[in-house]
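I opened the notebook today to go through strands, charged pairs and a few backbone angles. Here is what I looked up, entry by entry.

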Amino acid sequence: METGDGCGGEQGATLHAVSSAVLAVTRHLSVHEVLQVIVRAAAQLLDARYAALGVPDDEGSFAEFVVEGVSDEEWERIGPLPRQHGMLAAMLKGDTPKRLADIRREPEFEGWPVAHPVLKDFIGVPIRDAEDVLGIVFLANKRTPGGFTKDDEDVLTLFAAHAAIAVTNARLYEHNRELTVVAERNRMARELHDAVAQKLFSLRLTARTASALAERDPARTVRELEQVERLAAEALAELRAVIFELRPADLADGLVSSLRKHVEVLDRAHEAEVRIAADEAVVLPEEHEAVAFRITQEALYNALRHAKARTVEVRLGTSDGQAVLEVADDGTGFDPADAAEPQNGLGLASMRDRAYSIGGDLTIDAAPGRGTTVRLEVPL
């Protein structure tokens, strides 16, 4: 009975460890981040000193090769990415895990750089999606004496199956995000075309009218020319606004400073009052700040160009261990239930995708006639 309980407890602990590792991997959506977490989690699971994951390309090398247990300086001394030869090639072509007491004694052990760490006990498992090999994860030099066991092989195989799902999901997400970016640029191009083309058409028509009236009605001609000047200024403002929104964010000075600069420019460029209230102490990781800035940019664009807001306020602070960013306007508002319609989407799907990509949550509080508040919450 004691033996059975012991085995059950050990098996439960192992499954818990695998579950924790899988959860750690699936929290990330960037393919590169997923690969890094897979390697780190695999090394911890099997208590290995060294771990690596290679994603093969179609040219006999690796598109990505992520390592754990090797410093940047050591990796630089090792040299360029490995080719698909020797043991790596054997694992890419094989269908089963490979577990060795001493990899140095294997015929496939060849071509390892002089600066490479000394490897002994070894285990490698392919990460597969059906018939496709997404990569290989391998570990070496188990810290516990005795090398890798059959139980270690089973654990790594189980983990690799879940890792394959995470890698596939991350690839699909990145592809979808690329499509979203293209769609956003196309939408902004349409906005640019529609807004500026309409202004230029009116400008041309007004100029023709002024020309026709120049001799017989000088007073009206002056009024028409004033209209030409106003339309030209509006068209220029439209162009500047769209170009400013397309320009990549410069976050070298941090999120708060960049938001202040952006708000100042928009406040000068538009009739609406655009203001900001931000806690200077709020600091996020670089990638998170870039996403937060883009979401703010999109929300401001909607408020100023679609909602006809008189006042827009950007608010940044903290609440319950999260950074909270809000863009609130007093514009026309809309019914969130209609946001799925192309003409009413206003980039909401893009904003939600961006928020999700950094583990954040985006909510929209809106109703016809009472303005809109876009709220982004990101864990600190």
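Is E326 buried or exposed? I checked this one before anything else, keeping in mind that the model is predicted. E326 is buried, at a relative accessible area of 15%; the cut-off for that word is under 20%.

**Entry 1: the partner of E326.** I then looked for what E326 pairs with, and found a salt bridge to R315, with 3.0 Å between the closest N and O atoms. R315 sits in strand β7 (residues 311-319) and E326 in strand β8 (residues 322-329), so this salt bridge ties together parts 11 residues apart in sequence. Unlike buried E326, R315 is partly exposed, with 30% relative accessibility.

**Entry 2: following the charges.** My next stop was R375 and E377, whose side chains meet in a salt bridge at 2.7 Å from N to O. R375 comes out as partly exposed, its relative accessible area being 24%. I traced the shared partners and got one network of salt bridges that takes in E273, R275, E313, R315, E326, R375 and E377. A reminder to myself: side chains of opposite charge can pair when their charged atoms come close.

**Entry 3: the sheet around them.** I wrote down the strand order as β6-β7-β8-β10-β9, an open sheet of 5 strands with mixed pairing. The edges are held by β6 (273-278) and β9 (361-366); each has a single partner strand, so one side of each has no neighbour in the sheet. On average, neighbouring strands here are turned by 15 degrees against each other, ignoring direction. I also zoomed in on β6 and β7, which pair in the parallel sense over 6 bridges. One pairing I noted is that of E273, whose bridge partner in β7 is T311. E273 is also a member of the salt-bridge network, a nice thing to find twice.

**Entry 4: helices on the sheet.** Which strands does α8 lie across? I found β6, β7, β8, β9 and β10 (372-379), with α8 running at about 15 degrees to β8. Helix α9 (residues 348-357) lies across β9 and β10, and its angle to β9 is about 145 degrees.

**Entry 5: positive phi.** I scanned the loops next and stopped at K308, which is not a glycine yet has a positive phi of about 55 degrees. K308 belongs to the loop between α8 (286-305) and β7, and is exposed, with a relative accessible area of 66%. Where does D320 lie? I placed D320 in the loop between β7 and β8. Its phi is positive too, near 50 degrees, and D320 is a residue other than glycine. D320 is exposed, at a relative accessible area of 76%.

**Entry 6: a pair elsewhere in the chain.** Last, I looked at E68 and R40, a salt bridge whose closest N and O atoms are 4.0 Å apart. This pair links distant parts of the chain, with E68 in strand β2 (residues 62-68) and R40 in helix α2 (residues 31-46), 28 residues apart. Both ends are partly exposed: E68 at 26% relative accessibility, R40 with a relative accessible area of 36%. How many salt bridges does the count come to? I got 16 salt bridges, and closed the notebook there.

Terms used:
Residues are numbered from 1 along each chain as its sequence is written. This is a predicted model: local features need pLDDT of at least 70, side-chain atom pairs count only at pLDDT 80 or more; totals for chains, interfaces and linings use all residues. Side-chain values use heavy atoms; hydrogens and water are left out. Helices (H or I, at least four residues) and strands (E, at least two) are DSSP runs, numbered from the N terminus. Buried means under 20% relative accessible area, exposed over 50%, partly exposed in between (1.4 Å probe, protein chains only). Two strands pair if DSSP finds at least two bridges between them. Axes are lines fitted to C-alpha atoms, for helices over the stretch in contact, and angles run from 0 to 180 degrees between N-to-C directions. Contact means heavy atoms within 4.5 Å.
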